[in-house]
Amino acid sequence: MNAEERVNEYVSIVPNLNQKRIQRERFNVFFHYGINTFTGKEWGDGKADPKIFDPSEQDTDQWVKAVKDGGAYGVILTCKHHDGFCLWQTKTTAYGVASSPYKDGKGDVVREVSDSCRKYGLKFGIYLSPWDRNSETYGTDKYNDFYCAQLEELLTGYGEIFCVWLDGACGSYMDGKPKQIYDWDRYFATIRRLAPNAAISNCGPDVRWVGNEGGIARESEWNVVPKFAFNIQSIESKSQQSDDDNFAKKQFDITLDDLGSREFLQNFDSFIWYPAEVDVSIRPGWFYHKAQDGSVRSLKNLLKIYYNSVGGNSILLLNIPPDKRGLLCEKDVERIKELGQHIKSVEREEVKIKAITAPKAEGENVIEGVLTEEYDGETYDAAAYYTPAKEEDRYEIQLTLDGVKKINRVKLVENVAFSQRIEKFEIYANVGGKDKKVYDGTTVGYGRIATFKAVNTDKVKIVLTSVRQRPYIEFIGVYEDNGVVIRETSWQRFVKWVHHVNYKIYINRENKKRKKLNK
């Protein structure tokens, strides 16, 4: 393909309906809960006595109400972690709540959480670990039958499922068993058949892992990327490798920082829509440990993660683990409530736009349509959007505010029904009669929240300096100063440096290959 053909190919790639749903909603919560909650481990070995699972005050309404107040759209429960302990009344194994004293062996945590989600209007999703250290069939072909039977129970007995989150861990060697060959195609087919509206995340075709568990998002996150095989080799090798609750502190994304620029994509011929999800825990560990009560992330830290993930074209999955009582710790509840209050305050801080101008629009897709953020409830596409009539090298959009305002954020959203197109942009604020650059940006996609040092201005200019053909803009919002300034930490700068070095090594290697082929 030549350069023009390549760009035509890139902008032809668009999301499926399940991807549209989960990307629109942007923010969900993980509940890591199970026998590890009572053993104090991160990874169980499948041998713990199920009788120790005995929460004294379990209240899943408290869990779900707290995360709804926190601004989340849905929750994902660890129905079975690597230890094999099942939180529902399964027919596949005795290792689960049926063998515990909880509700005299008749409890069903999956049922309770799914019911609470319906009560409070949140979506319900499941995590079902393919690695099972308790099952006698693990390491054999029969295990795939066992696993699919568990999937079927969960996908048919608990109402609508919005997400199935699949973990790629495979530690057969730790128990002296042969390596289990996961039948991923069969798993995906089972989910599509029984839960057609569910996004398959992490190890699946709908949502990919960002590459670390520390809440670090890429600076430039592309949805259009080379076609992945969806095998788990890279995920398996870079995810948590041991029972270590400090994993998120010590590891970082060693995959390439750039997965979607033109320079990178020229090395491939097949492409897919494959958005990233940032999964991170509110504590150092994924399961609850009382010793970590003093290590709950600060609101400032959560806001940094939120603005860099949700505000950086990624999905945020924040883990909040219930404790031995069967309740969310009061400190976690307080912190998630603070985050929710901040998220809800955004609407009040949006600045009224008195006038907006841009290059002539194509047809009825006028620029005024971008001032309202609305989308269809069935197709999840924008109700209104703007696209210019002509393809240009750059595009300028001028916004006149309703008076002088102190601002520190601008939100941009593309209409991804036409793919992801914006590659670079700049934001200027008129200060003292002159345009002052306040932000340099790259990708937009489902949402870029540009944060900068607050300025007083009555005019904002957005310049798109690099676009794949014409842009399709869905929303532009300008917001009054809320005191939040997102600054990079030294750790984040180091991670980006590592990304950059790895990327350059990769590009140099591919260039050498092409030169040899051309000789």
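This dialogue goes through several features of a predicted model.

Reader: What does the secondary structure of the protein chain come to?

Author: The model is predicted, and its protein chain has 13 helices and 16 strands. Of the 519 residues in the chain, 59% are buried. The accessible surface comes to about 21,700 Å², with 48% of that area belonging to carbon and sulfur atoms. As for contacts between residues at least 6 apart in sequence, 80% of them join residues at least 24 apart.

Reader: How should I read a single helix, and which residues of α7 are buried?

Author: The general idea is that an α-helix has 3.6 residues a turn, so residues three or four places apart point the same way. In α7, residues 184-194, the buried residues are Trp184, Tyr187, Phe188, Thr190 and Ile191. Looking down the axis of α7, these buried residues fall within an arc of 160 degrees, so they line one face of the helix.

Reader: What does the face of α7 turned away from its buried side carry?

Author: That face carries Asp185 and Arg193, both exposed. On the buried side, the cover includes α6 (142-156), β4 (163-166) and β5 (199-202).

Reader: Now the empty space. How many cavities of 30 Å³ or more are there?

Author: Rolling a probe the size of a water molecule over the atoms shows where empty space is left. Here the count is two cavities of 30 Å³ or more. The second largest cavity holds about 40 Å³ of space. Its lining consists of Tyr33, Gly34, Ile35, Asn36, Thr78, Lys80, His81, Asp83, Phe85 and Phe287. By class, that lining has four nonpolar, four polar and two charged residues.

Reader: Where is the place of Phe287, and is this residue buried or exposed?

Author: Phe287 sits in the loop between β9 (276-281) and α11. Phe287 counts as buried because its relative accessibility is 1%, and the cut-off for buried is under 20%. Leaving out residues up to four places away in sequence, Phe287 touches His32, Tyr33, Gly34, Asn36, Thr37, Lys41, Glu42, His81, Gln292 and Pro321. The C-alpha atoms of Phe287 and Pro322 are separated by 7.7 Å, although the two residues are 35 apart along the chain.

Reader: How many residues line the largest pocket, and which lie nearest its centre?

Author: The largest pocket is lined by 25 residues, and those nearest its centre are Tyr73, Ile343, Glu347, Glu373 and Lys411. Two or more lining residues come from each of α2 (17-25), α11 (299-309), α12 (330-349), β12 (395-414) and β16 (473-480). The largest share, five residues, is given by α12. The space in this pocket is about 760 Å³. Its lining divides into 12 nonpolar, three polar and 10 charged residues.

Reader: Last, the backbone. What is the phi of Arg26, and what is that of Asn313?

Author: Most residues other than glycine have a negative phi, and most peptide bonds are trans. Arg26 has a positive phi, near 70 degrees, and is not a glycine. Asn313, also not a glycine, has a positive phi of about 65 degrees.

Reader: Where do Arg26 and Asn313 lie, and are they buried or exposed?

Author: Arg26 is in the loop between α2 and β1 (27-31). With a relative accessible area of 14%, Arg26 is buried. Asn313 is in the loop between α11 and β10 (315-319), and is buried with a relative accessible area of 3%.

Note on methods:
Residues numbered from 1 in each chain as written. Predicted model: local features only at pLDDT ≥ 70, side-chain atom pairs only at ≥ 80, totals over all residues. Heavy atoms only, no water. Buried < 20%, exposed > 50% of the residue type's maximum accessible area, 1.4 Å probe, protein only. Helix = DSSP H or I, 4+ residues; strand = E, 2+ residues; numbered from the N terminus. Arc of directions from axis to C-beta. Contact = heavy atoms within 4.5 Å. Areas by Shrake-Rupley, 256 points an atom, 1.4 Å probe, with all protein chains shown as cover. 1 Å grid on protein atoms, 1.4 Å probe; cavity = no way out; pocket = protein on both sides within 12 Å on 5 of 7 lines; lining within 4 Å. Points joined across faces, edges and corners; volume = space filled by probe spheres on them. Nonpolar A, V, L, I, M, F, W, Y, C, P; charged D, E, K, R; others polar.
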